[in-house]
Amino acid sequence: LTSERYRVRRLPFSRLSPQDVAFFQCLLPGRALTEPAALEPCNVDWLRSVRGSSTLLLKPQTTAEVSQVLRYCSERNLAVNPQGGNTGLVGGSVPVFDEIILSTVLMNRIISFDTVSGILVCQAGCILERLNEYLEQQGFIMPLDLGAKGSCHIGGNVATNAGGLRLLRYGSLRGTVLGLEVVLADGTVLDCLASLRKDNTGYDLKQLFIGSEGTLGVITAVSILCPQKPKAVNLAFLGCQNFSQVLETFTTCRAMLGEILSAYEFMDEKCMELVEKHLKLSCPVRDSHFYVLIETSGSNSTHDEEKLNSFLEQAMTSGLVTDGTVATDDKKIKMLWSLRERITEALTHDGCVYKYDISLPVGKLYDLVTDMRARLGQSAKNVVGYGHLGDGNLHLNITAESYSHSLLDAIEPFVYEWTARYNGSISAEHGLGFKKKQFIQYSKPSEAIFLMQRFKAMLDPKGILNPYKTLPSSS
Ligand code: FAD
Ligand code: MLT
Ligand code: ZN
């Protein structure tokens with residue numbers, strides 16, 4: 001089905017033979033699986049929008065095993081699909097045809113944590129939420145957080161350069177990842193697992209693998225800088241009547257909250273309707289056209305609350321915000337965050353979801369939603385906008401009862417042309433994967449794409465690593 005919908009042809013990789021399966025079963029006893037029940041969840045993506053037909057799932061535990069797997073696959077010309085928690089949203093995490101699935105699920109060991117520097121070193125298959133829980137016990141947190149935290153792996157996060165809910169405060173993984181261990185397509189182990197804040201010795205090779213979506217190497221271990229767990233966290237969930245007020249509230253709170261601002265997220269009223277309807281969550285704020293979630297994280301609760309209260313007073317008296325609620329206790333904070341974090345899940349209950357993850361100049365962010373809504377009229381069930389406003393990142397989602405070619409044609413390439421007109425990015429944080437790779441030219445010049453293809457050819461000359469993903473084919 002995937003190949004029909006996307007009109008893609010299988011490349012001439014070898015077919016898996018009984019001898020190949022026997023080799024892997026000997027290398028990974030009990031961890032080279034061929035049973036359909038084991039393969040089913042790994043062949044289909046989180047959105048249930050693309051499906052592969054792999055017949056082999058490998059679960060290595062060590063870097064040496066990953067190296068042996070890839071050396072063998074390279075010699076035999078067998079294609080491989082690296083997989084973490086399989087929460088990716090662009091079809092990059094599942095095979096397109098019969099690629100072998102190489103899962104990091106058993107590579108979940110914490111290697112070290114330095115409580116002085118805050119540097120964590122761990123295997124790639126550690127689940128983000130488990131890492132955060134481990135760190136919290138020592139007074140630290142992970143520098144990233146996202147709705148998929150309960151299943152995504154840190155290796156998958158690095159491979160997609162995931163952004164998420166804390167980027168506004170702690171920056172991207174390009175800054176917080178200090179080192180990586182990566183196995184290249186031919187089995188070579190590249191040990192760049194430095195645990196140093198500063199290291200200007202030659203090119204920064206790890207950056208090539210951050211955001212490379214499994215196409216240049218398999219990340220086996222990560223060294224990452226973790227911030228202190230904030231002593232005081234406050235949340236304000238506010239209602240605004242129009243998008244200009246959402247923007248003005250952002251500039252006002254940035255000016256008034258300064259260094260304690262740690263998240264500024266927004267969602268429109270359609271999103272709120274969907275989380276209420278499908279997930280039975282209830283919104284404590286009076287009906288509004290837009291909602292914003294403002295988080296502060298600091299070290300002194302009195303100081304932070306004072307700042308937040310004077311910001312709220314200013315926002316209310318100037319009419320920027322019409323209603324709102326504040327939370328300081330853990331339970332209410334989690335409840336308010338879930339209204340925003342669970343939009344992704346709520347949307348799937350509508351049927352088919354067309355997902356777009358766009359970077360734009362912040363002032364233009366919502367115009368795309370309005371234009372799309374007008375363009376699609378009744379042919380879409382819902383056209384919604386939410387996202388990381390503080391990072392200039394819009395999640396435009398369109399839902400329908402079921403998939404249709406004609407609706408897709410009405411959305412694409414319009415959405416990409418619109419984005420390119422304002423010099424935006426057609427993938428702010430989810431990557432290109434399988435679904436978006438043919439649109440890369442809307443955000444990158446041909447010279448850059450050509451150079452990327454040369455890097456790919458140099459690091460993976462047979463093209464066995466996650467074929468059909470990220471880059472358009474060179475022909
Ligand atoms: P997978 O989905 O398994 O894989 C993703 C890609 O990385 C694939 O191309 C795969 O081949 C490659 N890959 C995985 N592991 C490795 C490895 N060890 N070495 C090399 N390549 C590898 N993303 C955001 O950026 N911000 C968000 O806020 C956010 N929120 C989300 C909320 C929900 C509810 C869901 C379902 C997804 C969300 N995502 C978000 C998308 C997704 O969670 C991220 O892309 C995440 O980083 C993927 O991690 P994973 O372990 O699930 O990787
Ligand atoms: C989010 O910010 O919620 C995620 O990126 C997932 C999504 O886009 O739905
Ligand atoms: Zn996001």
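**Ligands, a covered strand and free cysteines in a predicted model**

Modeller: A search of the whole structure, which is a predicted model, finds zero disulfides.

Biologist: How do you know that Cys-26 is in no disulfide?

Modeller: A disulfide requires two cysteine sulfur atoms within 2.5 Å. The closest cysteine sulfur to that of Cys-26 belongs to Cys-73 and is 15 Å away, so the two are too far apart for a bond.

Biologist: What is the nearest cysteine sulfur to Cys-283, and how far away is it?

Modeller: It is the sulfur of Cys-271, at 12 Å, and Cys-283 is in no disulfide. The cut-off for a disulfide is 2.5 Å.

Biologist: Why is Cys-26 called exposed, and why is Cys-283 called buried?

Modeller: The term exposed applies over 50% relative accessible area, and buried applies under 20%. Cys-26 has a value of 63%, and therefore counts as exposed. Cys-283 has a value of 16%, and therefore counts as buried.

Biologist: What makes strand 6 mostly covered?

Modeller: Strand 6 spans residues 119-123, and five of its five residues are buried. Each therefore falls under the 20% limit for relative accessible area.

Biologist: Which residues of strand 6 lie on each side?

Modeller: Ile-119, Val-121 and Gln-123 are on one side, while Leu-120 and Cys-122 are on the other, and all of them are buried. In a regular strand, side chains alternate between the two faces of the sheet.

Biologist: How do you know that strand 6 pairs with strand 5 and with strand 9?

Modeller: Pairing requires at least two bridges between two strands. Strand 5, residues 110-114, meets strand 6 over four bridges in the antiparallel sense. Strand 9, residues 218-225, meets strand 6 over five bridges, also antiparallel. Both pairs therefore satisfy the requirement of at least two bridges.

Biologist: Which residues are bridge partners in these pairings?

Modeller: Phe-113 has Leu-120 of strand 6 as its partner, and Val-121 has Ser-223 of strand 9. In the hairpin of strand 5 and strand 6, four residues lie between the strands, and Gly-118 takes a positive phi near 75°.

Biologist: Which residues come nearest to ligand 1?

Modeller: Of the 36 residues around ligand 1, Pro-82, Gly-84, Gly-85, Thr-87 and Gly-88 come nearest. By class, this shell has ten nonpolar, 24 polar and two charged residues. Helix 6 gives the largest share, five residues.

Biologist: What makes the approach of Gly-84 to ligand 1 a polar contact?

Modeller: The cut-off for a pair of N or O atoms is 3.5 Å. A backbone N or O atom of Gly-84 is 2.8 Å from an oxygen atom of ligand 1, and the pair therefore qualifies. A polar side-chain atom of Glu-429 also lies 3.1 Å from a nitrogen atom of ligand 1. Taken alone, ligand 1 exposes 970 Å², of which the protein buries 97%.

Biologist: Which residues surround ligand 2?

Modeller: They are Leu-89, Arg-340, Thr-344, Lys-355, Tyr-386, His-388, His-395, Glu-429 and His-430. By class, two are nonpolar, four polar and three charged.

Biologist: How do you know that Tyr-386, His-395 and Glu-429 make polar contacts with ligand 2?

Modeller: In each case a side-chain atom pairs with an oxygen atom of ligand 2: the distance is 2.5 Å for Tyr-386, 3.0 Å for His-395 and 2.9 Å for Glu-429. These distances fall within the 3.5 Å limit, and the three pairs therefore count as polar contacts. Taken alone, ligand 2 exposes 260 Å², and the protein buries 86% of that.

Conventions
Residues are numbered from 1 along each chain as its sequence is written. Chains are lettered from A and ligands numbered from 1 in the order in which they are written. This is a predicted model: local features need pLDDT of at least 70, side-chain atom pairs count only at pLDDT 80 or more; totals for chains, interfaces and linings use all residues. Side-chain values use heavy atoms; hydrogens and water are left out. A residue is near a molecule or strand if one of its heavy atoms lies within 4 Å of it. A polar contact is a pair of N or O atoms within 3.5 Å; within protein, one must be able to donate a hydrogen and the other to accept it, and residues adjacent in sequence count only if both atoms are side-chain atoms. Accessible areas come from the Shrake-Rupley method with a 1.4 Å probe; for residues, only the protein chains shown count as cover. Ala, Val, Leu, Ile, Met, Phe, Trp, Tyr, Cys and Pro count as nonpolar, Asp, Glu, Lys and Arg as charged, and the others, Gly among them, as polar. Buried means under 20% relative accessible area, exposed over 50%, partly exposed in between (1.4 Å probe, protein chains only).
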